[in-house]
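Work through the following exercises with the sequence and coordinates open. Each task is followed by a stepwise solution.

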Amino acid sequence: MGILKTKTPPACGVFGHIEDVARKFQITRLGNENEIHTKVIDVPSPCTSTFRIDDVLEPSQYLRIEFEGIHSSYYIGINQIKFLDKHGNELQYKNIMVDGKVVDGEDVKEAFPTHGWWAVVGDYHSVAFDFGTVTHVKEIYMMCTNSAATPKLLKITDAKELEPAGGDAEAGYSIERVLQLAGKAGADPSKMKFLIKKGDSDDAHDSIVTGKNLVKYLNTKMPDNGYEGFLSKDSKSYFVFYCKGCRTRAYNYFFGYDASDAVALANKTTVESGTTIDDVAKRAMTLEELQAIRAIIVSHCVDNKWKSSRDKKVPLRPEDVNLYDLNSILIKPLTKERNCSFKELFASGESVPTYYVSHWWGENVLDFVKCCEMHAIYNGLQPNEAKYWVCAHANRQHDLGTDLGTDPSKSSFSEAMKLAEGVLLVCDPKLVVTTRIWVDYELFRTIKANDMLDIVIFRNGAVHLMAGKDLPGEAPYQKNRRESRFPFKEICEKFLKVQLELGESSMEIDKIRILNVMIGNKDNLDCSKVLDRIKSSTLQDTDAHHFTRSNGSLRAEMAHRALSVALIQKDQSMDNFYGFNLLDIIANDFERTSLVFDDLVGLESVNDDVFKVLVGLIHENIKNFEINVTGCTNLTEKYIYEMELPDTLEHLDMKLGYARNITNKALLHLATVIPQNLKTLNLDVSGFKEGDGHYIPTRFSDHLEAFAKRMPPALEEFRFVTNLDSTDDGAGLVALVKSLPRGGCLKKFSLVIEEWESFKGKVFAQMSAHLPPSLEEIEIIEYSGEYFNDEDFSLFGSNILRNLPNLQTMKLHTRGDAGANGCYQIREVHTIAQLKSQIQQFHHITTDNNNGHDQKGSNNNNNTSPACDATSASSGSSGDGSTGQQQANNGSMWSRFKNNFSLSTCGGITTTEICA
């Protein structure tokens, strides 16, 4: 039975011969249907973001983008659009259509690429792009610096028109929309009879229907996945019927994105290529190897007549195979002779896990692989980079006692969790996973340790992910919108009622040992008394206390993740989310030490009451509090005056940016409530950027001086984002820097000034003289005002190099002139080496000039231009052949040498032209 019954001699590979099913039956991703796909993206205001699109869109020669809605203006303004391939390289394109009309260069001109920004009146526009050939576009980068003119939605389609020319207009299922995965090639499904499976029952099937009647059945049932597979009456053939528009979805589920690679890996895995890995914690499966398992199942399940491990009778379809089946049919038979793990059959050798996978064995393996596949894609990991520790594949199934041990807290599971970067919880569609005690125990340990936890589920034909960290290229705004599609109703009904002590396990001794670990009875792990007390409902108070706290942590983790979604879903709220009070659940978790609400960006539902409630969740055990309400326009300054922050906090991250309604006066009060025991402080109090580019309300130096007076004395990291009024002299910036801790604790300092039209470089030069010598990282960014001239920059840089001996990272970016001369003048430094080189050159130029002055009594305009790397920061070109730097600094050190300098980019300092 099973995989060992192969017609191909064993020498071809340890798994037998794995058929390339897609090639055998000539199945292509798109077929002849011109299927198109659209990804809808909610756009934050303003937007400088990279959006992943290949999780929905297929490779195509064309892309169409629709811009819909405007945040707060009468026109849509796009500064820049870039298309990136899977390696992050920028792709070349041609803009072929604008608003449905072909670009001809006369009546219809291209919108992109432009030398400035594309501004067009109206709240709906579309553009189409041609890449010249079928191209895999992984991401789109879009920059909209004007908050008001940022579009609300992007609709991106892998075609140049919304509806393909010609094609079948019939919706739903049809006898032609099939993928054959087993049987005689070319078989006609319209002339066959199929078995309709009766749910999850062990009964084989309850009816036999013709192909045409099966289509009728599907059009009535409309499977949630958009496709469903059926065995022929004789169980020799297997066809997947798919709904219109779901062909690629079905293809990706059964074959993935690199079907031939997975087949090749399976076929080249021989007995001789296997390895021995002594450390069970380092037996993680690469995603490539998981994909090879999928290829094995698709190739052999029907042809080799695999049967369910429950009764050895029910024939399995590929999508039916779970880990219990795979262990019985494949894993144990192939690992018995060597007494090895399934991982050790492969040639890759030791693999330190990227993620430890917590899951239920009863989930379909193809669902599981798809979840891992999409999880890797979301995290930007290649199949050979993503390594998942899966107990069924890592443990030696014929010697489980050795790998598992007797103490769950010291088992192979535990050791693998320690090595992994995070834990991935893979949920089955029916969420049986929540009732498994191993899973609940693993989750509790993860939460208690504040380790990273991702939660993923395959449901309705798509993978849904709740990420425990920022995903590459995904802003908080997109995170909230993406996770709003997670099946929270079903998740909450299970997770928010979870009771770890009632969880099930395949082996009762495992449950007994976990329960004893939970109550602290590690000296007698095999004692069954605690289980007996649970069964008889006679738990001792001490037992109940442990389980109440652990259950509270498990429930609060899910409630915490659901909270931002509760704020945007219709008819739901934080205190009544599908019948659960999320706030009470979180408040009752006294094991929690961190509260992070970083995905509230731009939510209209976030108001003063919401903010007050979230801050009110901080209790004495909370050490870290993060909240990001950037762009939440319904917040007023009322919440500032009502805010109370306990001194027990050690880490505070409050992003209140683009705050239309928070005045300078309110910030004076905010400074008074800053906890004094903080180790890290990140504050964004910048105002709202209007359509004309200016920020409101105004900010003055006194708010900086107020924060300076309340500077926590033991601060290790400090970041501050604000803007200043055009009349402000910047005295508050100097005061803020002077207040930074001097005791050697401060390591990182970041200052961002979003707008300050009266900026003068001398203020930064003054600031630099007071930076604490303990600093290791500095970031200083400023927009608007005059150019950071050479003399002030030289003093600024000299102070830093002289006074900060521990400095390891340096970033400076100033953008002067506010575009008044048609371009911005930018001063940039990216490394300490750049700064040192430039300051040395400044001193060299000054010395040469002074020598000439002393000798001749006048300025010495050398006839020989200094070398490129001796140049100071260049500026944007003014358009008349001279540099903007020369215009801005008449009479300065630089002006004495302007006749000899015309280079635009030198010494690592960038001249940047951006249309104003």
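**Exercise 1: Overall content**

The protein chain of this predicted model holds 26 helices and 33 strands.

Task: State how many residues the protein chain has and what share of them counts as buried.

Solution. Step 1: the protein chain has 916 residues. Step 2: a residue counts as buried under 20% relative accessible area, and 57% of the residues count as buried. Step 3: the accessible surface of the chain comes to about 37,700 Å², with 47% belonging to carbon and sulfur atoms. Step 4: for contacts between residues at least 6 apart in sequence, 77% join residues at least 24 apart.

**Exercise 2: A three-stranded sheet**

Task: For the open sheet with the order 12-16-15, find which strands stand at the edges.

Solution. Step 1: the pairing in this open sheet of three strands is antiparallel. Step 2: strand 12 (178-182) and strand 15 (227-231) each have a single partner strand, so one side of each lacks a neighbour in the sheet, and both stand at the edges. Step 3: neighbouring strands of this sheet are turned by 20° against each other on average, direction ignored. Step 4: strand 15 pairs with strand 16 (residues 238-242) over five bridges in the antiparallel sense. Within this pairing, Y227 has Y242 of strand 16 as its bridge partner.

**Exercise 3: Strand 1**

Task: Sort the residues of strand 1 (residues 38-42) into a covered and an uncovered face, and identify the residue opposite T38.

Solution. Step 1: K39 and I41 form the covered face. Step 2: T38, V40 and D42 form the uncovered face. Step 3: strand 1 pairs with strand 11 (residues 151-157) in the antiparallel sense, over five bridges. Step 4: opposite T38 stands T157 of strand 11.

Methods: Residues numbered from 1 in each chain as written. Predicted model: local features only at pLDDT ≥ 70, side-chain atom pairs only at ≥ 80, totals over all residues. Heavy atoms only, no water. Pairing = 2+ DSSP bridges. Helix = DSSP H or I, 4+ residues; strand = E, 2+ residues; numbered from the N terminus. Axes fitted to C-alpha atoms, helices over the stretch in contact; angles between N-to-C directions. Buried < 20%, exposed > 50% of the residue type's maximum accessible area, 1.4 Å probe, protein only. Contact = heavy atoms within 4.5 Å. Areas by Shrake-Rupley, 256 points an atom, 1.4 Å probe, with all protein chains shown as cover.
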